[in-house]
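Here's a walk through one model, moving from how the copies fit together down to single side chains. Have the viewer open and follow along.

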Protein chains: 4
Amino acid sequence: MEVGFLGLGIMGKAISMNLLRNGFKVTVWNRTLSKCDELVAHGATVGGSPAEVIKKCTITIGMLADPAAALSVVFDKGGVLEQICPGKGYIDMSTVDHETSIKISQAITSKGGHFLEAPVSGSKQPAETGQLVILSAGEKALYDEAISALNVIGKKAFFLGEVGNGAKMKLVVNMIMGCMMNTFSEGLVLAEKSGLDPRTLLDVLDLGGIANPMFKGKGPTMLQSNYAPAFPLKHQQKDMRLALALGDENAVSMPIAAAANEAFKKARSLGLGDNDFSAVFEVVKDLKRSS
Amino acid sequence: MEVGFLGLGIMGKAISMNLLRNGFKVTVWNRTLSKCDELVAHGATVGGSPAEVIKKCTITIGMLADPAAALSVVFDKGGVLEQICPGKGYIDMSTVDHETSIKISQAITSKGGHFLEAPVSGSKQPAETGQLVILSAGEKALYDEAISALNVIGKKAFFLGEVGNGAKMKLVVNMIMGCMMNTFSEGLVLAEKSGLDPRTLLDVLDLGGIANPMFKGKGPTMLQSNYAPAFPLKHQQKDMRLALALGDENAVSMPIAAAANEAFKKARSLGLGDNDFSAVFEVVKDLKRSS
Amino acid sequence: MEVGFLGLGIMGKAISMNLLRNGFKVTVWNRTLSKCDELVAHGATVGGSPAEVIKKCTITIGMLADPAAALSVVFDKGGVLEQICPGKGYIDMSTVDHETSIKISQAITSKGGHFLEAPVSGSKQPAETGQLVILSAGEKALYDEAISALNVIGKKAFFLGEVGNGAKMKLVVNMIMGCMMNTFSEGLVLAEKSGLDPRTLLDVLDLGGIANPMFKGKGPTMLQSNYAPAFPLKHQQKDMRLALALGDENAVSMPIAAAANEAFKKARSLGLGDNDFSAVFEVVKDLKRSS
Amino acid sequence: MEVGFLGLGIMGKAISMNLLRNGFKVTVWNRTLSKCDELVAHGATVGGSPAEVIKKCTITIGMLADPAAALSVVFDKGGVLEQICPGKGYIDMSTVDHETSIKISQAITSKGGHFLEAPVSGSKQPAETGQLVILSAGEKALYDEAISALNVIGKKAFFLGEVGNGAKMKLVVNMIMGCMMNTFSEGLVLAEKSGLDPRTLLDVLDLGGIANPMFKGKGPTMLQSNYAPAFPLKHQQKDMRLALALGDENAVSMPIAAAANEAFKKARSLGLGDNDFSAVFEVVKDLKRSS
């Protein structure tokens, strides 16, 4: 099966590499074309623009950094819209707000193209090993057509109904994740400042009812102040902001999410936006006045 | 081995039943003595006061509802102090602040008795099946002496050093748990109000990096507004308050924990204190004005 | 001096009446023209459309209800844009977000016209007596030209620099106001629940370092659960949201504003959006579960 | 009239100086006796212990730093209790929790002494000029007897009923004040980061409905990072903690106060506890990672 792939950031690169490893033919495009080199070395073809990739492939997947990039790859000159047409499908795996998703969907379907939004849950490592959770919504027919690729990319591909629902589900999950990372950070600092060994806290947590892969995986690296980005903090904060906006629309009061969002913003103001989102730990730890 | 047991609330009853099932001779006491009946039916003996239990047993375990009850059982007339002496040990499994723990420890050791604080992580079901996590601290010799009982009560018994450390570790874990329950509630309400099926959210969460037994176990009952108390909300709120106080002592700023604490307080003001702590979900859901 | 005036709502009518009383010639327009009658009785002339008013007057002031109305009066058929030209100025006193302000500014200056945004602080009574605070920004030359009118309209007319700064200043002030209303509500409930007379709290507050007209004015009505809208809660919440968005843009962490915003959202979910913003008091008071 | 005075911190010194200036005979005591020198230079007498002061004076006022100090001055060797007796009154102006106040009251009345708690609202300058607001509660007869002194110390002396109510009222006021200081800080930083002049924000605020002496007085010094302590941050944080504890007792959820408390704790962790409470501004401003 031939698949197009737009956007080779941390996630996009891992997913397309995984597709290649599983025997898919992949045509890739990235704004900075040099980022395609490693994929090409593993057998990918390069498209000169999103439009070229769409032209060549029946199904094209996009994985862009944010709503602006997701829109740009579709609407700009040389974008998806120029070549999308009946018989071709575009699957947007970017994490965007549902309004962006709906806007893209309308543009593509108005050209006769097929659209599926399919944001994923999971970061770099699950992306490399095909263990993502895929939150797709939109055209069921395209979901069915792409299922062999989706099954390689993720361990489970949900179909959630109308376009926008994938984006919303993703935001809800990431909102919970961001809050948990904050409370985990508070717990680690509280332990240490109270004379407990935070590594023992990790052991205790891992045996109890709130044990989870994120605490187990991130805990040890956080204690080493190692924040190599699996999921950049600035993206986590964007998702918190969008989740809060979704809550605002529906008059859902979310004080925990709001407090967590402000901590992530503080982390951004400390210059940590490009670090892993676990770097919010730094906000909870001792800080110094700036001048 | 013969063990005394003081306090037959939800947790105390489950633990002493588990001890009986595992062949321990258990002498129980409870403020309301009628609560001892079920234990007696399973082979327990009853002591007329904490002091009587201590007199009869080499090792006695206490599991009281709060710091006041934990202190009362030791210091009041007929309390532990009246009979504790060299060669006898008291293990306090109540979740109390470290100052209470230290106060009890000093009183007992001043009489020549041995003391171990040993709060547990886990609620009713793990208590019944001996799957608690035990956070003990104090006299290592008593820990070693009681290890066969501790190994029946829990799947893992940590020894954390000086008295107070068990209490502190427990508070840190419960603080994280309480925050997670709040953010989980926010996520469930946000999903539902945004047109998503909250049951699907449970499925999605369970496949990802933040999957944990608590979400999996509590999610379905919360969606049925079923809050049968495994861990009463008022105790969760007390632990949040104590964790925040521990943070205050050490100048640790914990905005997420603080926001979660206020939600638990709101739940108390709704009259939900005796429900399971997952009833904080009700605070996030639609509310009405009171008059 | 001759001045045009677009929009005769509560505020617009009060301001143009005040201008007439102070000897200005005023040409008014309102979507419902009958609203002009009272002004005509006091000496005003009527223009048939915004464009006609602009054509007739060198300086025209607009005071519209919301961003949609502010845009409509400029961009619609018969709107400001049709007649604005070099030598003519438009001063928009509506409270809008800075993006709306910038959009209007760009359209007007592209026609060679002059633009000043000038949202005001203060409600009906200060408008009638010329005691508003004017937060103007844009072209300094227009500010200077209009200063005699601005000095009649307000007790103080600030010039804040580039277009958008007026809107931003308004958001900052309203953000602080919204947080103060929340903390005031918390204080009143805390007093009452602690056995103190909340009316005495009002007296105590009014004698101290945080005494302010809002506490003095709103306190007594809040204690009577009287929330007749001077500033609707939904508009206050919108301003909190926009202030937080402004903070997000600039990586300013604002945990108090975030918590206050969530309380206003809770108030909206209780159906209080059209009440005065002081109705957030209801969120802090006792609530009931919805079902 | 002769008055005893225990505790010569910032507030105690200012109040006793004011009493001296107004013709009262004052016998002072302070833990560090050298602090009495300046008062002696202005005519005060020194007592060697709290008990000595009580012995000498019919009415003695205490103004101690915190609950521990307030208790110590009463219960320790050489303390108030040793000499209090029928006909003698003790007025405690310290800001303490109501439980501390009740404990002191019971001890004094059990010796036949008279007790009034009388925490004050206002800081150093109002203390010097007799412009405090006095929140007294306890024995009305002692209030009446001391009224001439109270009227010199404050511009208004409320009598609030049973002992504990003064403490509670003080906490409510200080809670509101602390929240306002936080939101004021957020507003100043938001203004600056958004390209507005924060000094202009001060001018705008001072003309509107939320204008208050604290914003007017503290704003300019905060913008100069000048935090000379009028009311030390650590005391403000203590009062926030106590107000939250009062809310906890009565199941009052106070998310704004909770968020503000965490900001004050962050300020303490930055080493700002001895600065003025307006130093919480530093927490909102840019911070750096510690290492």
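First, a bit of vocabulary: buried means under 20% relative accessible area, exposed means over 50%, and partly exposed is in between (1.4 Å probe, protein chains only). This is a predicted model, where local features need pLDDT of at least 70, side-chain atom pairs count only at pLDDT 80 or more, and totals for chains, interfaces and linings use all residues. Residues are numbered from 1 along each chain as its sequence is written, chains are lettered from A and ligands numbered from 1 in the order in which they are written, and side-chain values use heavy atoms, with hydrogens and water left out.

**How the copies sit**

Let's start with chains C and D. A turn of 178 degrees with a shift of 0.0 Å along the axis lays chain C on chain D with an RMSD of 1.7 Å (superposed by least squares on the C-alpha atoms of residues with pLDDT of at least 70 in both). The two copies are thus related as by a two-fold rotation axis. And 100% of the interface residues of chain C are also interface residues in chain D, so the copies meet through the same surface.

**The annotated domain in chain A**

An unreviewed UniProt entry gives residues 164-283 of chain A the annotation "domain: 3-hydroxyisobutyrate dehydrogenase-like NAD-binding". Keep in mind that UniProt positions are in the numbering used here, feature names are shortened, and annotations may be inferred rather than shown by experiment. The span is 70% helix and 0% strand, and its end C-alpha atoms lie 33 Å apart. Helices (H or I, at least four residues) and strands (E, at least two) are DSSP runs, numbered from the N terminus.

**Helix α9 and its two lysines**

K170(A), which carries the annotation "active site" in the unreviewed UniProt entry, belongs to helix α9 (residues 165-193) of chain A. At 5% relative accessibility, K170(A) is buried. Beyond its neighbours within four places in sequence, K170(A) is in contact (heavy atoms within 4.5 Å) with T95(A), P119(A), V120(A), S121(A) and L135(A).

K193(A) is in helix α9 too, but this lysine is partly exposed, with a relative accessible area of 33%. Its side chain makes a polar contact with the side chain of D286(A) at 2.8 Å. A polar contact here is a pair of N or O atoms within 3.5 Å; within protein, one must be able to donate a hydrogen and the other to accept it, and residues adjacent in sequence count only if both atoms are side-chain atoms. Leaving out residues up to four places away in sequence, K193(A) touches D286(A), and also N250(B) and V252(B) of chain B. K193(A) and K285(A) are 92 residues apart in sequence, yet 9.5 Å apart in space, C-alpha to C-alpha.

**Loops around α12, and helix α13**

Most residues other than glycine have a negative phi. Here are two non-glycines that go the other way:

| Residue | Phi | Loop in chain A | Relative accessible area |
|---|---|---|---|
| S225(A) | about 55 degrees | between α11 (213-223) and α12 | 36%, partly exposed |
| A251(A) | near 50 degrees | between α12 and α13 | 16%, buried |

S253(A) is also found between α12 (233-249) and α13 (255-269), and is buried at 9% relative accessibility. Which chains does S253(A) touch? Leaving out residues up to four places away in sequence, S253(A) touches V284(B) along with E262(C), A263(C), K265(C) and K266(C). Its side chain reaches the backbone oxygen of E262(C) at 2.8 Å.

Then comes α13(A): 15 residues, reaching 21 Å from first C-alpha to last, close to the 21 Å expected at 1.5 Å a residue (that is, 1.5 Å times one less than the number of residues). The helix is mostly covered, with 12 of its 15 residues buried, among them F264(A), K265(A) and K266(A). G271(A) follows α13(A), with a positive phi near 85 degrees.

**Cysteines**

How many disulfides does the structure hold? Zero, over all chains, counting a disulfide as a pair of cysteine sulfur atoms within 2.5 Å. The sulfur of C85(A) is 12 Å from the closest cysteine sulfur, in C57(A), too far for a bond. C179(A) is in no disulfide either, and the nearest cysteine sulfur, that of C179(B), is 9.1 Å away. C85(A) is partly exposed at 27% relative accessible area, whereas C179(A) is buried at 1%.
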